[in-house]
Amino acid sequence: MAERNIFTLRLEDMKRRVSKVYPRVMAKELKRAIKTNELAVYYQPKVDTVTGKVVGAEALIRWRHPNRGLIMPDQFIPVAEKAGIIIEIGKWMMLEVCRQNKSWQDKGYSKYRISVNISALEFHQSNLVEEIKQVLKKSGLEAKYLEIELTESKAVIEEDQTIDKMKEIKALGVKLALDDFGTGYSALGYLKVLPIDILKLDKSFITELEKDTIGRDITASIIRLADILDIGVIAEGVETRAQIDLLAAMGCHIVQGYYYGIPLPAHCFEELYLKEL
Ligand code: C2E
Ligand code: CA
Ligand code: CA
């Protein structure tokens, strides 16, 4: 019994130490990862359900760790934010995506807009607009083929300069999407004041669609309101035909989710969605 206690204590102590040390180790490894090409971009198609055709894509970051395998963004983006390296990662990501998109366009494929995610911290960096300008210049991509997805959060919505900054980004010709709409902070009223082009209906609404009529009514109202305000709507996390049919009946025809395709590395995305068109 005593031995078990010692063992348990040691285990807890180890866990405590690992949880303290690990983010620090991870942050150090992440800094290296940018230089050693361990970061990768995966692309998930956005599809028009009326034509069944791909109309764009979202770029999602992955970390191909040499020992730990593929690490998902939820596991390392918060560490990158805390360690202050998210700005560097975001810069790398945006340039990589714009270069890739330009290279696909140069190969003669249909031209698509590809979105990148930026966190509140990235949004608030003082020279974001200049960084975006530089990325567009370096890659040669036309601004209209870049979209920025910004998660609705207190940190973003409540800031005084938020609307001005959004307008500056839009003035470049870059599109702006409000991500995860409905999960967090913003009230419907914000839609009227935020200069956004696209609203991304969060997966939680889509899951609710098949369950109850209240969830369905709320989703339909958001889609209607967005339509009145001339904001495009895209549904994310769409996994079933039934969800697609319900969304279509509500007037939402652009969707993204496992039903049409999972996020894929650039060469797979090219093979599957670009070459055949
Ligand atoms: P998000 O922007 O909401 O991205 C959508 C997430 O849902 C992605 O997870 C995607 O793989 C997943 N997903 C897509 N379709 C389906 C579906 O049908 N069912 C389900 N269950 N999931 C689906 P992922 O790639 O793990 O990314 C997680 C989050 O990490 C993203 O959420 C985004 O907030 C963040 N993230 C990803 N890449 C970046 C980046 O380059 N920079 C920043 N700052 N954040 C990023
Ligand atoms: Ca997103
Ligand atoms: Ca989202």
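User: What do the buried residues of H12 pack against?

Analyst: They pack against strand E1 (39-48), strand E2 (53-65), helix H3 (86-106) and strand E10 (264-265). Contact here means heavy atoms within 4.5 Å. Helices (H or I, at least four residues) and strands (E, at least two) are DSSP runs, numbered from the N terminus. Before we go on, a word on the source: this is a predicted model, in which local features need pLDDT of at least 70 and side-chain atom pairs count only at pLDDT 80 or more, while totals for chains, interfaces and linings use all residues. Residues are numbered from 1 along each chain as its sequence is written, chains are lettered from A and ligands numbered from 1 in the order in which they are written, and side-chain values use heavy atoms, with hydrogens and water left out.

User: Which residues of helix H12 are buried, and what puts them on the same side?

Analyst: In H12 (residues 266-274) they are Ala-266, Phe-269, Glu-270, Tyr-273 and Leu-274. Buried means under 20% relative accessible area, exposed over 50%, partly exposed in between (1.4 Å probe, protein chains only). These residues cover an arc of only 105 degrees around the axis, so they sit on the same side of H12. The arc is that of the directions from the helix axis to the C-beta atoms. As background, an α-helix has 3.6 residues a turn, so residues three or four places apart point the same way.

User: Why is Lys-200 called buried?

Analyst: Its relative accessible area is 0%, and the limit is under 20%, so Lys-200 counts as buried. Lys-200 lies in strand E7 (residues 198-201). Not counting residues up to four places away in sequence, Lys-200 touches several residues, including Glu-58, Glu-149, Asp-179, Asp-180 and Glu-236.

User: What makes Glu-58, Asn-117, Glu-149 and Asp-179 ligands of the calcium ion (ligand 2)?

Analyst: Donors are N, O and S atoms within 2.8 Å of the metal (3.2 Å for Na, K and Ca); water is not among the atoms, so sites may look incomplete. Glu-58 (OE), Asn-117 (OD1), Glu-149 (OE) and Asp-179 (OD) are at 2.1 to 2.3 Å, so they qualify under the 3.2 Å limit for Ca. Their spacing in sequence is E-x58-N-x31-E-x29-D. The pair Glu-58 in strand E2 and Glu-149 in strand E5 (residues 146-151) links distant parts of the chain, 91 residues apart. Both Glu-58 and Glu-149 are buried.

User: Which residues hold the calcium ion (ligand 3), and what makes Asp-179 a bridge?

Analyst: The protein donors of ligand 3 are Asp-179 (OD), Asp-180 (OD) and Glu-236 (OE), the last listed twice, lying 2.2 to 2.5 Å from the ion. In sequence the donor residues are spaced D-D-x55-E. Asp-179 coordinates both calcium ions, which are 3.8 Å apart. With a relative accessible area of 4%, against a limit of under 20%, Asp-179 is therefore buried too.

User: How do you know that Arg-62, Asn-117 and Glu-122 make polar contacts with ligand 1?

Analyst: A polar contact is a pair of N or O atoms within 3.5 Å; within protein, one must be able to donate a hydrogen and the other to accept it, and residues adjacent in sequence count only if both atoms are side-chain atoms. An oxygen atom of ligand 1 is 2.7 Å from a side-chain N or O atom of Arg-62, another pair joins a polar side-chain atom of Asn-117 to a ligand oxygen at 3.0 Å, and Glu-122 has a polar side-chain atom 2.9 Å from a ligand nitrogen.
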